[in-house]
Structures are given as structure tokens and as C-alpha cells.
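Here is a friendly walk through one model, from its overall build down to single contacts. Have the sequence and coordinates at hand as you read.

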Amino acid sequence: MLNKLKYYYCHNYLYATVFVLLGYMAFQYHCQHQNLTNSIKTYDESLKLYQNKLDEVIEHHNEIFNVCDSLIHIMDSLPLGSPLDTLVISSNFGSRKNKLTQKWEYHPGTDFIADWRDTVYATGHGIIEVSHYNSGYGRTIVIGHGSGYKSRYAHLTRYFVKKGDAVKRGDPIGIAGNTGNSRGYHLHYEVMRTNQGFNRITDPKNYIIL
Ligand SMILES: [Zn+2]
């Protein structure tokens with residue numbers, strides 16, 4: 001009888017211990033599962049935050065890229081190139097004394113030494129606006145560069161382009177000459193900037209940087 005009682009209590013005690021142990025393990029599992037769920041939720045939120053930040057960075061990068069692209073386009077259009085292979089100035093922009101009349105006169109461009117074989121190049125991307133004989137300028141080419149800038153090439157012998165042609169910086173557009181009001185072979189080169197509807201002629205030397 002005593003042995004039976006011992007057996008009975010011993011087994012109940014064992015069951016209770018196992019039950020408590022299983023309960024403890026279930027609780028631990030629940031806690032760990034909850035922690036893991038919270039971690040995944042935090043990770044998802046962080047990932048979304050980083051993705052949004054990355055999207056902002058990419059958008060910002062694209063904006064900068066577009067601005068750079070526009071600047072490059074503007075730089076290409078400006079008359080910053082050289083109109084001849086070799087530049088030697090024979091007469092500067094501004095006031096100068098006429099050797100024949102001995103009177104001071106305004107010279108709206110820069111004269112470069114050239115002969116009848118020298119190729120004249122477009123100094124920036126643009127559209128040919130003038131390609132014909134123009135009294136004192138002789139055979140003349142004018143390129144419209146956009147952004148309000150134009151360049152003029154005067155006293156030419158030959159044209160390689162006609163009105164409406166698109167040219168890029170460095171494209172051959174004609175041959176230097178001695179046409180119009182000119183005393184000897186040279187290239188008369190002008191840079192004009194349109195400001196509020198007026199053509200303002202500037203010193204071309206300041207633009208030749210390429
Ligand atoms: Zn001149």
C-alpha cells in the first residue's frame with residue numbers, strides 16, 4: 001500500500017515538473033518569437049527608410065546630372081573656340097587710327113593674320129544665320145550660338161556652309177580672304193551678345209579660351 005502511494009505521488013510530481021518545464025519552454029519560445037517579430041518589423045521599417053533615402057539620393061544625382069548636361073550644352077554653344085589654326089592678332093578690338101584717313105575709328109572685332117589658304121572654323125555649336133556678301137564685311141558668315149551669342153567671320157574667300165546649316169565647334173566653315181573693305185588677307189572676327197534685343201559687340205579675345 002505504501003509503495004503504491006509512493007509510486008502515485010512520485011509520478012504526479014514528475015508530471016507536474018514536466019508540465020511546468022513545457023510551460024516555461026513555451027513561454028520562452030513565445031518571447032523569442034515576439035522579439036524576432038519586432039526585429040523583423042524594425043528591419044523592414046529601416047529598410048524602407050534606407051530605400052526612401054536612396055531614392056532621394058538618386059533623384060538628387062539625376063538633377064545634378066541634368067544641370068551638368070545643360071551646362072555642357074551651353075558651354076558647347078558658346079563661341080569659345082579658335083577661328084583659325086594659328087592666331088596672330090593684326091588689329092585689336094576697339095578704337096584704332098585709320099592709316100589712310102588718320103582718323104580714329106571703332107573696330108568692332110579682332111583681325112587675325114591669315115592668307116587665302118587658311119581654313120576658318122566655327123568657334124562654337126550653332127546655326128548659320130548669314131552666309132553671303134555683306135558690303136564692307138565682304139563674304140561673311142554669322143553663326144547664331146543660342147544663349148544670345150553670335151559670331152561673325154568677315155572678308156572670306158569661300159564659304160563651306162549655307163544659311164540654316166547646323167555646325168559644331170571646330171567645323172570648317174570657309175576660307176579666309178580679302179573681300180569687302182579690306183586691305184590685305186586677314187580674318188575679321190566678331191563676337192556679339194544679344195541683350196534686351198540689342199546686339200552688343202564685345203572683345204572676341206576674351207572668349208577664345210579653347
Ligand atoms: Zn577687322
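Of the 210 residues of the protein chain, 23% count as buried, a label that asks for 20 or more other C-beta atoms within 10 Å of a residue's own, while 12 or fewer makes a residue exposed and anything in between partly exposed, with C-beta atoms placed from the backbone. Please keep in mind that this is a predicted model: local features need pLDDT of at least 70, side-chain atom pairs count only at pLDDT 80 or more, and totals for chains, interfaces and linings use all residues. Residue numbers start from 1 along each chain as its sequence is written.

**Overall build**

The protein chain has one helix and 13 strands; these are DSSP runs numbered from the N terminus, with helices being H or I of at least four residues and strands being E of at least two. In sequence order, the helix precedes the strands: α-β-β-β-β-β-β-β-β-β-β-β-β-β. Two size descriptors are collected here.

| Descriptor | Value for the protein chain |
|---|---|
| Radius of gyration | 41 Å; a compact globule of 210 residues would be near 17 Å |
| C-alpha span along principal axes | about 150 × 30 × 30 Å |

The radius is taken over C-alpha atoms, and the globule rule is 2.2 Å times the number of residues to the power 0.38.

**A hairpin**

Strands β2 (residues 94-97) and β3 (residues 104-107) pair in the antiparallel sense over four bridges; pairing requires at least two bridges found by DSSP. Ser95 stands opposite Tyr106 in β3. Six residues lie between the two strands of this hairpin, and Gln102 in the turn has a positive phi of about 60 degrees.

**The nonpolar core**

Which residues have the most contacts inside the largest nonpolar core? They are Val120, Ile141, Ile143, Tyr153, Leu156, Ile173 and Leu187, in a core of 18 residues. β7 (139-146), β8 (149-156) and β12 (186-195) each give two or more residues to this core. Such a core is a set of buried Ala, Val, Leu, Ile, Met, Phe, Trp, Tyr and Cys residues joined through C-beta atoms within 7 Å.

Leaving out residues up to four places away in sequence, Ile173 touches Val120, Tyr121, Ala122, Ile141, Tyr153, Phe160, Val161 and Val167. Contact here means C-beta atoms, placed from the backbone, within 7 Å.

**Val191**

Val191 is found in strand β12 and is buried because 27 other C-beta atoms lie within 10 Å. With the sequence neighbours up to four places away left out, Val191 touches Pro79, Tyr149, Ser151, Thr202, Pro204 and Tyr207. Val191 and Arg152 are 39 residues apart in sequence, yet 6.4 Å apart in space, C-alpha to C-alpha.

Conventions: Two residues are in contact if their C-beta atoms, placed from the backbone, lie within 7 Å.
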